[in-house]
Structure formats: structure tokens, C-alpha cells
Amino acid sequence: MSDFCAPEWQLLRASVRGAAHHRSGQPNQDAARCFQLAGQAQMLALADGHGSAKSFRSQCGARLAVLAAQQVCKHLVEFEHLSQCKHWAEEQLPVAVVRQWQERVERRLARQPFTAAELAPLNDAARRQLENQPLIAYGSTLLAVIVAPKFILYLQLGDGDLLTMTTEGNIVRPFAKDARLIANETTSLCSEKAWNEMQICFQPLAGAPPTLILMATDGYANSYRDEASFQQVARDYWELLRGADQAAVKPYLRDWLNDISQHGSGDDISLGLIWRDETKQFLIDLCSESGC
């Protein structure tokens, strides 16, 4: 039997407009997308537009963020050697993602300059800031995970949460929480030299990979009283999904997220789940053992 068999992954995502945004008439500022990459690699990306007065186009900024991440990250599977892939991910990918997002925003802004109606609510200082830093209007965070046969890549810029569950049921964060991200303050794609704030974790698969990866915009964790309560969410999803298909969760997911926002933060909530199909993995392992 070989030392490692590539896991079979399933991906699921959902995004809902926050209860507070329903009341105010503000649209959902989040974006959530799944992508199929080459070589059996898959990607799930979430982005959370800031939604502040100055970031009045952040809904668009979030959509452009997940597309920029997909455009750049698809090159990860082109490398022949894992060491090359790891080096490029850690050294080049952050700059490439930020620049790809900036280019997309600049093209959009050239086609659709700011209107008088968009600028009217802002004071003079805010308008001057936007003249010098127009990307602020599109400000967004970014979370992304790529699962490939030989590696997992985690990416984070700004607030939001990434949790992984080990085969023993332990919850691990690929990145330590950033103590600066409090009171709705966050690093962002529109920050100066944003690539310096982007966190990358490249995990070669040489043993048991995570059984579950949960990623969420900050409206989810902010709906719970503490870290332990939020970590229990990952365990609850795993109990529903293990040995089952997406039908155990997918039909109900948006209703669950709406209820959490209603009784919790009131913010938009986007959730991504990536988990191993244990049934298929068992068949792969059995086939390896029997030599078929």
C-alpha cells in the first residue's frame, strides 16, 4: 500500500444577506465561489466587502476579489515539483493576487467613474481620500483554500475565519488570530502594500489531511459568544456530513445562516465547507491494499 492516497474532496458554499442589511436596504457585501482548477484541484474563495460609507462599491470589490484569486491561483497546479509550487505560493502569490484585484478594479472604475450620487454622502475629507486612493471604494477581505492531490493552500487577508478539523476531532487554525482586527477594523485588498498583510499556509499532503475545512466571513463567528462555541459549529457540520452527501446540509444551509444572522451579528454571512468523502477514500485505500 502506498504511503498516501489523494483524498476525495467535496465543496459547499453559501452566502446570505445580513439581517441588519435587510433592515437598512443594503445589499449583501460578500462573495462566495467554488472553482474547478486543473489537475483535480479545487478552490473555494470568500470575500467580505467593507460596506462602509467610503467603500460604497465593496459589493463589486468582493466579487472581483474571488475572481482575482481564482485567476492567479490556477497557476499553482502548473508546477512540476512541489517545492517550486510552495516557493511560488509563499513568495509570489500574495503580490500577484493583490495586483490582479487592483487591475480588475481599475478597469471597472475606468468604465464606471464615481457618480455624484455615490459621493454625495461623503464629507470633504473622505472625498479627498478617495481622489488619492480610489481603491478604498472597492475594499474587501479575502479567504481562499485550494485542495489539490498533493497539497492544500490556505490564504487569508483581513478578518474572517479558517478552521480545520483533524482526524482526531481537534480544531486547528492555519493562522493565528490577528489581534489588530477588532471593532470592525481589518486589513484589506485596498490597503497600501496589501500583499504584506496576506497570510499563506502551504501544506504538502504526506499523511492524514484534515477531515473538514470551514471558512467563513466574520459575520459568522461574531454571532457566537466565544471561540469554543464557534468551533463547535465545525464539529456540528462534520457530524452531519460524515458518511453523507451534500443533501444532508445543502438544502438547509441558507436558512441556517439567515437564522444565525438574525439572532447574532446581523451581518452578511458567507460559509465554505470542504470535507473528505470518507466512502470514496475507503474505496481508494481498499483498492491500494488489494493491488487493483
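**A sheet and the helix across it**

Hi everyone, let me start with one pair of residues: Ala32 has Leu46, in strand S3, as its bridge partner. Please keep in mind that this is a predicted model.

That pair belongs to a longer match. Strand S3, residues 42-48, runs antiparallel to S2, and the two are joined over 7 bridges. Zooming out, we have an open sheet of 5 strands with antiparallel pairing, and the order is S2-S3-S4-S5-S8. Which strands sit at the edges? They are S2, covering 30-36, and S8, covering 199-204, and each of these pairs on one side only. Ignoring direction, neighbouring strands in this sheet are turned by 5° against each other on average.

Now, on to the helix I wanted to show you. Helix H3, residues 82-91, lies across S8 and strand S5, which spans 151-157. Relative to S8, H3 runs at about 170°.

Which residues of H3 are buried? Those are Cys85, Trp88 and Ala89. They sit on the same side of H3, because the arc they cover around the axis is only 100°. As a reminder, an α-helix has 3.6 residues a turn, so residues three or four places apart point the same way.

And what do these buried residues pack against? Two of the elements are strands we have already met, S5 and S8. The others are helices: H2, at 58-73, and H4, at 93-111.

If you turn to the face of H3 that points away from its buried side, you'll find Ser83 and His87, both exposed.

That's my tour, thanks for listening!

Key:
Residues numbered from 1 in each chain as written. Predicted model: local features only at pLDDT ≥ 70, side-chain atom pairs only at ≥ 80, totals over all residues. Heavy atoms only, no water. Pairing = 2+ DSSP bridges. Helix = DSSP H or I, 4+ residues; strand = E, 2+ residues; numbered from the N terminus. Axes fitted to C-alpha atoms, helices over the stretch in contact; angles between N-to-C directions. Contact = heavy atoms within 4.5 Å. Buried < 20%, exposed > 50% of the residue type's maximum accessible area, 1.4 Å probe, protein only. Arc of directions from axis to C-beta.
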